[in-house]
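Hi,

Here is the structure I promised to pass on. Have a look at it first, and then read my notes underneath.

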Amino acid sequence: MKQANYPFKQIEARWQNIWSKNNTFKVRIVKNRPKYYCLEMFPYPSGKIHMGHVRNYTIGDIVARFKKMQGFNVLHPMGFDSFGQPAENAAIKNKTHPKVWTERCIHWMRKELKQMGFSYDWEREISTHLDAYYRWNQWIFLKLFERGLVYKKKEDVNWCADCQTTLANEEVIEGKCWRCKNEVIQKELEQWFIRITAYKERLLEDLDKLKDWPSQVILMQKNWLGRSEGVEIYFREKENGFRIPVFTTRVDTIFGATYLVLAPEHPLINQIIKGKPQEKEVLEFIERVKNKPKSVRLSEGLKKEGVFSGSFAINPVNEEEIPIWIADYVLMDYGTGAIMAVPAHDQRDFLFAKEHNLVIKIVIQNPEEPISDPSQLKEAYEGEGIQINSSQFDGLNNREAKEKIALWMEEKGIGKRTLYWRIKDWLISRQRYWGTPIPIIYCDRCGIVPVPEKELPVKLPFKVTISGKGGSPLNYVKSFIETRCPKCKSKACRETDTMATFFDSSWYFLRFCSPHYQKGPFNKKEASFWMPVDQYIGGIEHAVLHLLYSRFFTKFLKDLGMVNFEEPFQRLLTQGMVLKDGEVMSKSRGNIVDPDSIIKKYGADTLRLYILFAAPPEVEMDWSERGIEGAFRFLNRLYRLLDYVEKNKGEFNSELEKARHRAIKEVTEDIENFKLNTAISHIMELLNSIYQHLDADITEAVKTAVLLVSVFCPHIASEMWQRLGFKRDISKESWPKFNPEVLKEEKITYIIQINGKLRSKIEVDVNIKEEELKQIILSDPKVKKWIQNKSLQKFVHIPQRLVNLVI
């Protein structure tokens, strides 16, 4: 007869009600307990949680519950990143106000997050659209302004005509707005910028302190900061002799430069093309590419466009005459806005040269595949090698040549060593309504005047007409714009731009430490206790945007004396995306799996378990209906153990006891190392052992299984714990500890062969991982004697018997 499924609906509703009623996860500072701050990146309130949210927040909840049971005082808050353009768009579409729409979405999301059983301290909830929060955005802006770290200037900016707002470079994805996906153009506007470049050295140097960040994220931040040591070389325009400075990090290739390329915005272009037959073609080209977003111009996958200027330059190292081109892939933002093209040793230049039939000259020879004839090159050689066709530097290794050529150029006055950075100041102006008003007043007498701190917050008016056209709706709100100058009291007007929402999320983790504090953005003492965040969890898409800005804010606040640390996040995990049939879930593809429908059918615990078991947290996972059904079967099997415990009259079994302690050890280690999928596997193995020993005393093993599973599936674990006779909430219990003495005798002897011959024997734990086994064998003195300098070709492992090293 088919057994009934466990009553997950009643169990989950019951325990969610108990946790809410008892305020189970409320946290306070306790001086005699170590603190642990676990934080997932807070969501934009779009209306319903999706599987990406479920995965992110479930990972965080496992960590928070685990650390709490280990005796830590755990801060685990949640809030909403609730300003932003989508709410304005939704308000237009749904004929409602952004505030009404946003708060309705927050209500839905909060309800769904609670039904997932996440252990948040909801008393600490924050929403960035509330003036209790954004007044401190304005306060921080004023502090930046006081120190000369905020300024306004005219600049070509990325402009989304559909959203009627500017976009930071990072918000332009493949030439399109990251929000509405429409084309982005270039437009000159007066904008507010934060001088993040003043902190560039610290932002780069302190990356070395982030030992527990993914190397990929560190690299992405380094690339965004873009510190480049190189040489500025002084090329000359042939006819008029004026200087064209070019920055390069590859001065060792200077003798291979066969053409120059200028950015379409380069100030010398009009002089270079004047009167030339190519003048009209060049001007038409510039007009065509000027609206291309910078991200598109730099994209590696797209064909690069360019035109010949009709002019030539002189290479100062050999007096060779080379053509000057104008191309879309060179920007004024970096270096000097001009590059020397060395097609033999730069792939982008190589492709451009092939496309336009330009000269290719080899100056660094690949020592493994020497090629001297450029026509034989199938691609640029960008590696190390020996200088050729480089005058007196021939025969040198190119690394050595770099230094010698730079010194020689400085002596000759034809170049100088210099340093460039890729990072630019942070554009924060947005021509929209739903954001933090910038606390600035414009006075005809006094100029730009900051709003006095005592007048904060500058409140966003509720009565406003939002059409999505014509820039910021605040331009048409007379009661907001018209004001008095704080200095001379004459008539003045307010700034109508609002702040980029990345401003809001650059310090929210500090506000969680004291969310109701009214004398400042946060209470220094409480921030000193909780910060920095011990574990931060979020998507890789925020590796540059949000994380860099948060690091900058933290350093600035340290300079104000408000915090005593340099970095906000000690440990970072970037979780993988949730896919369906190999593709990202989206409404347009029709492959969305709604968490709510899964919860109704299988329960939140099943969803939590499956989404962590399907793949390691940091890699993509592909949704599987069979997988969710398997997780549900496991929980039913776990729940049925209650019947066996109640009838249990067996005796102590040493094998089951070993399995129990082994599970504790392995699950603990796996959670610590974010191997959450294998941690679940070990709980499943313990369950199998229990079912294999139902004739023994299984009580302790079942208790252990329930404790271990409680961080993954808190509802069913809480219910089982109570039915096992415990009155205290399972989340307040201590995490189980294993006894190494119980596992000590679980040793096995491995025979070690080298090329099939017995050379050694070693004794190791029976459940040793292969990588650990390999390290032990290779460090064994007898094995080292036989291997010496030989290379290991194969590592043949027959589990629990022998290893054969093929050398």
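**Loops, strands, helices and cysteines**

Let's start in a loop: Pro457 sits between β20 (447-450) and α13 (478-481). Keep in mind while you look around that this is a predicted model. The peptide bond leading from Leu456 into Pro457 is cis, and its omega is near 0 degrees. You'll find another cis peptide bond between Met531 and Pro532, with omega at about -5 degrees. Pro532 belongs to the loop that links α16 (524-530) and β24 (533-539).

While you're checking loops, look at two backbone angles. Ser391 isn't a glycine, yet its phi is positive, near 55 degrees. You can find Ser391 in the loop between β15 (386-387) and α12 (398-412), and with a relative accessible area of 48% it is partly exposed. Gln788 isn't a glycine either, and its phi is also positive, at about 50 degrees. Gln788 is in the loop from α27 (781-787) to β31. Its relative accessibility is 58%, so Gln788 counts as exposed.

Next, the strands. Which way does β31 (residues 794-798) run relative to β32? The two are antiparallel, joined by five bridges, and His797 has Val803 of β32 as its bridge partner. Together β31 and β32 make a hairpin with three residues in between. One residue in that turn, Gln800, has a positive phi of about 60 degrees. Strand β29 (residues 747-754) also joins β32, through four bridges, but that pair runs parallel. There, Ile751 stands opposite Leu802 of β32. As for β32 itself (residues 802-806), four of its five residues are buried, so the strand is mostly covered.

Now for a pair of helices. The axes of α19 (residues 604-613) and α24 (residues 714-723) come within 7 Å and cross at roughly 120 degrees, which means α19 is oblique to α24. On the α19 side the contact is made by Ala604, Asp605 and Arg608, and on the α24 side by Pro714, His715 and Ile716. Sorted by type, these contact residues are three nonpolar, one polar and two charged.

Last, the cysteines. How many disulfides does a search of the whole structure find? Zero. Take Cys493: the nearest cysteine sulfur belongs to Cys443 and is 9.0 Å away, whereas a disulfide needs the two sulfurs within 2.5 Å. Cys493 is partly exposed, with a relative accessible area of 30%. Cys160, on the other hand, has 0% relative accessibility, so it counts as buried.

Cheers

Conventions
Residues are numbered from 1 along each chain as its sequence is written. This is a predicted model: local features need pLDDT of at least 70, side-chain atom pairs count only at pLDDT 80 or more; totals for chains, interfaces and linings use all residues. Side-chain values use heavy atoms; hydrogens and water are left out. Axes are lines fitted to C-alpha atoms, for helices over the stretch in contact, and angles run from 0 to 180 degrees between N-to-C directions. Angles under 35 degrees count as roughly parallel, over 145 as roughly antiparallel, 65 to 115 as roughly perpendicular and the rest as oblique. Contact means heavy atoms within 4.5 Å. Ala, Val, Leu, Ile, Met, Phe, Trp, Tyr, Cys and Pro count as nonpolar, Asp, Glu, Lys and Arg as charged, and the others, Gly among them, as polar. Buried means under 20% relative accessible area, exposed over 50%, partly exposed in between (1.4 Å probe, protein chains only). Two strands pair if DSSP finds at least two bridges between them.
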